[in-house]
Amino acid sequence: MTRIRAAVLGSPIEHSLSPVLHRAAYRELGLDDWSYDRFEIDEAALPGFVAGLGPEWAGLSLTMPLKRAVIPLLDGVSDTAACVEAVNTVVLTRDGRRLGDNTDIPGIVAALHERGVEKVPSAAVLGAGATASSALAALSRICTGEVTAYVRSSARAGEMRRWGERLGVPVRTADWSEAAAALEAPLVIATTPAGATDELAAAVPAAPGTLFDVLYDPWPTALAAAWSQRGGKLLGGLDLLVHQAVLQVEQMTGRSPAPLQVMRRAGLAALSGAR
């Protein structure tokens, strides 16, 4: 039996939950001839890896630092991926084409919709890295007003304003020293590394709105724990990971819908076992 292959690439990659989620989906869908692996691949090694993919390959998931490096290696890129110049999904078609997409953006939107957040009058973004641009793209679909981005440097502030102009989102920037004010927004998306928002935990308001903290390990973050204790609506990195992986499974396998809840349970189990 010829196996059909997919994998996640990145560096570092050893802690990726993608194999857990995709393999759970394959089992549920009865795709016994599908496999999903992980490979430690950096930017220098990526062209050679992609060039060596045979007809048994169906798709790739990409994490940092490959989301932009892969674009010149592709035959086509979706409008969603092009709008943030970042590809996290490559589908290899039967006629040999390599097509790139970004499932992080619709994944953020789908996760929020699942929790009843469909439109907000304003929002705040903590951080200004690669995930922040995807957050702005997602907010362009659900935020009807201004987004305030809290950043640590004037260079990052300029980048976020430029992303806002490109995505059609009115973006105001503020210094990180004012980040406690972000917590008053009806929707806060935290895109910062582990520990970066811990200092904000004491500033969570008495009646918080919705916090989407994109981290899943460690979880909960100090900010997420304080948010939950105050009764705010809380989403974490696993919500994003599962929703973007659902879209990847559907694109790579051609099977829809992918088993969201099965994948979520697998992810939760893996995280629980790792602690």
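How many bridges join β3 to strand β5 (residues 89-92)? Three bridges join the two strands, which run antiparallel. The tour begins there.

The model is predicted: local features require pLDDT of at least 70, side-chain atom pairs count only at pLDDT 80 or more, and totals for chains, interfaces and linings use all residues. Residues are numbered from 1 along each chain as its sequence is written, and side-chain values use heavy atoms, with hydrogens and water left out.

**Stop 1: strand β3 and its partners**

Select residues 57-62, which form strand β3. Helices (H or I, at least four residues) and strands (E, at least two) are DSSP runs, numbered from the N terminus. Six of the six residues of β3 are buried; buried means under 20% relative accessible area, exposed over 50%, and partly exposed in between (1.4 Å probe, protein chains only). Two strands are said to pair if DSSP finds at least two bridges between them. Add residues 4-10, strand β1, which pairs with β3 in the parallel sense over five bridges. Within this pairing, select Val8, which stands opposite Ser61 in β3. On the antiparallel side, select Gly59, which stands opposite Val91 in β5.

**Stop 2: salt bridges**

The structure holds nine salt bridges, a salt bridge being a side-chain nitrogen of Lys or Arg within 4 Å of a carboxyl oxygen of Asp or Glu.

Select Asp104 and Lys67, whose side chains meet in a salt bridge (2.9 Å, N to O). This pair links distant parts of the chain, 37 residues apart: Asp104 is in helix α4 (residues 104-114), and Lys67 is in the loop between β3 and β4 (76-77). Asp104 counts as buried because its relative accessibility is 10%. Lys67 is also buried, with a relative accessible area of 16%.

Next, select Glu146 and Arg172, where the N to O distance of the salt bridge is 3.8 Å. Here too the pair links distant parts of the chain: Glu146 lies in the loop between α5 (130-142) and β8 (147-151), Arg172 in strand β9 (residues 171-175), 26 residues apart. Glu146 is partly exposed, with a relative accessible area of 39%, and Arg172 is partly exposed at 37% relative accessibility.

Then select Asp239 and Arg264, which form a salt bridge whose closest N and O atoms are 3.6 Å apart. Asp239 lies in helix α8 (residues 237-253) and Arg264 in helix α9 (residues 260-274), so the pair ties together parts that are 25 residues apart in sequence. Are Asp239 and Arg264 buried or exposed? Both residues are buried.

Finally, select Arg5, Arg23 and Asp37, which are linked in a network of salt bridges.

**Stop 3: a patch of negative charge**

Select Glu14, Glu40, Asp42 and Glu43, which gather in a patch of negative charge on the surface. Patches are made of residues with over 30% relative accessible area and no salt bridge, like charges being joined within 9 Å. Within the patch, Glu43 lies in the loop between β2 (34-40) and α2 (46-51). Glu43 counts as partly exposed because its relative accessibility is 47%.

**Stop 4: a long separation in the chain**

Select Thr144, in the loop between α5 and β8. Thr144 is exposed, with a relative accessible area of 61%. Add Trp34: the C-alpha atoms of Thr144 and Trp34, 110 residues apart along the chain, are separated by 42 Å.

Notes: Patch = residues over 30% accessible without salt bridge, like charges linked within 9 Å, V, L, I, M, F, W, Y side chains within 5 Å. Areas by Shrake-Rupley, 256 points an atom, 1.4 Å probe, with all protein chains shown as cover. Lys, Arg positive; Asp, Glu negative; His and termini not counted. Charge placed at Lys NZ, Arg CZ, Asp CG, Glu CD.
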